[in-house]
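Here are my notes on this one, in the order I'd go through them with the model open. Have a look at it first, then read on.

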Amino acid sequence: MSRNRVEVPEAKEALNRFKMECASEVGVPLTNGYNGNLTSYQNGSVGGQMVRKMIKAQEEQMAGK
């Protein structure tokens, strides 16, 4: 049972596009569907990039930019 769920279902497609964008930025060959051929390091780098970008966006919003 997966515990990864989208809190706002309407945002699922946008999150998938964001994930693909971050994967291309860090050079991970992510595809739609199953990605079992990728290492934990590769998958973690995508997640880390996503978190960095979300934190940066939130900080900019809080600073009034």
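1. Let's begin with an arginine at the surface. R5 is exposed, with a relative accessible area of 63%. Keep in mind that this is a predicted model, so treat the numbers below as computed from that prediction. As for its place in the chain, R5 sits in the segment before α1.

2. Who does R5 pair with? The partner is E7: the two side chains form a salt bridge at 3.1 Å, N to O. E7 is exposed too, at 60% relative accessibility, so both ends of this bridge pass the over 50% cut-off for exposed. If you were wondering about E25, R5 lies 24 Å from it, C-alpha to C-alpha, with the two positions 20 residues apart in sequence.

3. Stepping back to the fold: the protein chain has two helices and zero strands. Helix α1 covers residues 12-26 and helix α2 residues 40-62. Along the principal axes, the C-alpha atoms fill a box of roughly 40 × 25 × 15 Å. Among contacts with a separation of 6 or more, 39% are between residues 24 or more positions apart.

4. On to the other charged pairs; the structure holds four salt bridges. One of them joins K53 and E21 through their side chains, at 2.5 Å, N to O. This pair links distant parts of the chain, with K53 in α2 and E21 in α1, 32 residues apart. Are its two ends buried, exposed or partly exposed? K53 is partly exposed at 25% relative accessibility, and E21 is also partly exposed, at 38%.

5. Another bridge stays inside one helix. E60 and K56 both belong to α2 and are four residues apart, about one turn of the helix. Their side chains meet at 4.0 Å, N to O, which is right at the cut-off, because a salt bridge is counted within 4 Å. I'd read that one with the cut-off in mind. E60 is partly exposed, with a relative accessible area of 33%, while K56 is exposed at 51%. There is also a network: salt bridges with shared partners join E21, E25 and K53.

6. For charge overall, the protein chain carries 9 positive and 7 negative charges, and the mean positions of the two sets are 5 Å apart.

7. Now the inside. Which residues make up the largest nonpolar core? There are eight: F18, C22, A23, V28, L30, L38, V46 and M50. The elements giving two or more residues to this core are α1 and α2, and the largest share, three residues, comes from α1. As background, nonpolar side chains in soluble globular proteins tend to be buried together.

8. V28 is a good residue to click on in that core. Leaving aside neighbours within four places in sequence, V28 is in contact with A23, L38, Q42, S45 and V46. Of these partners, A23, L38 and V46 are listed in the core as well.

9. Last, the surface. Of the 65 residues in the protein chain, 15% count as buried. The accessible surface comes to about 5,500 Å², and 54% of that belongs to carbon and sulfur atoms.

Terms used. Residues numbered from 1 in each chain as written. Predicted model: local features only at pLDDT ≥ 70, side-chain atom pairs only at ≥ 80, totals over all residues. Heavy atoms only, no water. Buried < 20%, exposed > 50% of the residue type's maximum accessible area, 1.4 Å probe, protein only. Contact = heavy atoms within 4.5 Å. Areas by Shrake-Rupley, 256 points an atom, 1.4 Å probe, with all protein chains shown as cover. Lys, Arg positive; Asp, Glu negative; His and termini not counted. Charge placed at Lys NZ, Arg CZ, Asp CG, Glu CD. Core = buried A, V, L, I, M, F, W, Y, C linked by side-chain atoms within 4.5 Å.
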